[in-house]
Amino acid sequence: ATTAATTPVGADGCADVDVPPAREDGGQTAPEERLDPERTYDLVFTTNCGSFTVRLDLEKAPATAASLVSLAESGFYDDMIFHRIVPGFVIQGGDPTQSGAGGPGYQTVDPPPADSTYVEGVVAMAKTGSEPPGTAGSQFFVVSGPSAASLTPDCAIVGTVTSGMDTVERIDGLGDANDPNGTPTRPVVI
């Protein structure tokens, strides 16, 4: 495997990497236990563009936070791409199929509070418009700019970026503002 330490880094601060092969949809099992509410849980996402740390919110999304930790510990997110980058809005990853339609094979539901806002650094879970509020699989998005403030409180808020917002901004810069699908201009791999 090629690592950022041995791969040339481009002017945008990201190492050149190949897109890993897509994987099958599903196949994971939902965790049976919640996380200890007396502990703090941080997930570190290491990418070819740098790392960022997410502090999980066990109060707003206990089931979803337990799911993310379980998936991360199993290696589910390893060699997965950010398949959607919309500059000034969100960077999105967590789909094993790399199509934007896949997930772990189960869902959690943690409806967000009615007064929730999606500001820079908020990490929330992607869902389809037809799913109930707070429904989550494995796809997450990091709010990377002010445009997400217009989102209604439908997506489970699972945490906040506590360090590495410069990495999120670097990834955000790899989107094409003229592409409504949010196709990255180059691969970003976890």
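Which residue of S8 stands opposite Ile91? In this predicted model, the residue facing Ile91 is Val142, and that pair offers a convenient way into the sheet to which S8 belongs, once the chain as a whole has been surveyed.

The chain contains two helices and nine strands, and, followed along the sequence, these elements come in the pattern β-β-α-β-β-β-β-β-β-β-α. Its radius of gyration is 16 Å, close to the 16 Å that the globule rule gives for 190 residues, so the chain is as compact as a globular protein of that length. Taken along the principal axes, the box filled by the C-alpha atoms is roughly 40 × 35 × 30 Å. Of the 190 residues, 47% count as buried, while the chain exposes about 9,100 Å², of which carbon and sulfur atoms supply 49%. Among contacts with a separation of 6 or more, 72% are made by residues 24 or more positions apart.

Strands of a sheet pair through backbone hydrogen bonds, either parallel or antiparallel. Here seven strands form an open sheet in the order S1-S2-S9-S6-S8-S4-S3, and the pairing is antiparallel. S1 and strand S3 (82-86) stand at the edges with a single partner strand each, so one side of each is left without a neighbour in the sheet. From one strand to the next, the twist averages 25°.

Strand S8 (residues 140-143) can be followed residue by residue. With S6 it pairs in the antiparallel sense over three bridges; Ala124 stands opposite Phe141 in S8, and the bridge partner of Met125 in S8 is Phe140. S4 is joined to S8 by four bridges, and these two strands also run antiparallel, with Ile91 standing opposite Val142. As for the side chains of S8, Phe140 and Val142 point one way, whereas Phe141 and Val143 point the other way, and all of these residues are buried.

Elsewhere in the sheet, Thr53 lies in strand S2. Why does Thr53 count as buried? Its relative accessibility is 12%, and the cut-off for a buried residue is under 20%. Leaving aside residues up to four places away in sequence, Thr53 touches Asp42, Leu43 and Val44, together with Thr160, Val161, Thr162 and Ser163.

The two helices remain to be placed. Helix H1 (residues 62-73) has 12 residues and reaches 17 Å from its first C-alpha to its last, close to the 16 Å expected at 1.5 Å a residue. Its buried residues are Ala63, Thr64, Ala65, Ala66, Ser67, Leu68, Val69 and Leu71, and what covers them includes strand S1 (42-47), strand S2 (50-56), strand S5 (108-109), strand S6 (122-125), strand S7 (135-136) and strand S9 (157-163). After H1 comes Gly75, whose phi is positive, near 85°.

Helix H2 (residues 165-172), in turn, packs on the sheet, where it touches S1, S2, S3, strand S4 (90-93), S8 and S9. The direction of H2 makes about 120° with that of S2, the strand in which Thr53 lies. S1, S2 and S9 are thus named both among the strands that cover the buried residues of H1 and among those touched by H2.

Methods. Residues numbered from 1 in each chain as written. Predicted model: local features only at pLDDT ≥ 70, side-chain atom pairs only at ≥ 80, totals over all residues. Heavy atoms only, no water. Expected span 1.5 Å × (residues − 1). Buried < 20%, exposed > 50% of the residue type's maximum accessible area, 1.4 Å probe, protein only. Contact = heavy atoms within 4.5 Å. Pairing = 2+ DSSP bridges. Axes fitted to C-alpha atoms, helices over the stretch in contact; angles between N-to-C directions. Rg over C-alpha atoms; globule rule 2.2 N^0.38 Å. Areas by Shrake-Rupley, 256 points an atom, 1.4 Å probe, with all protein chains shown as cover.
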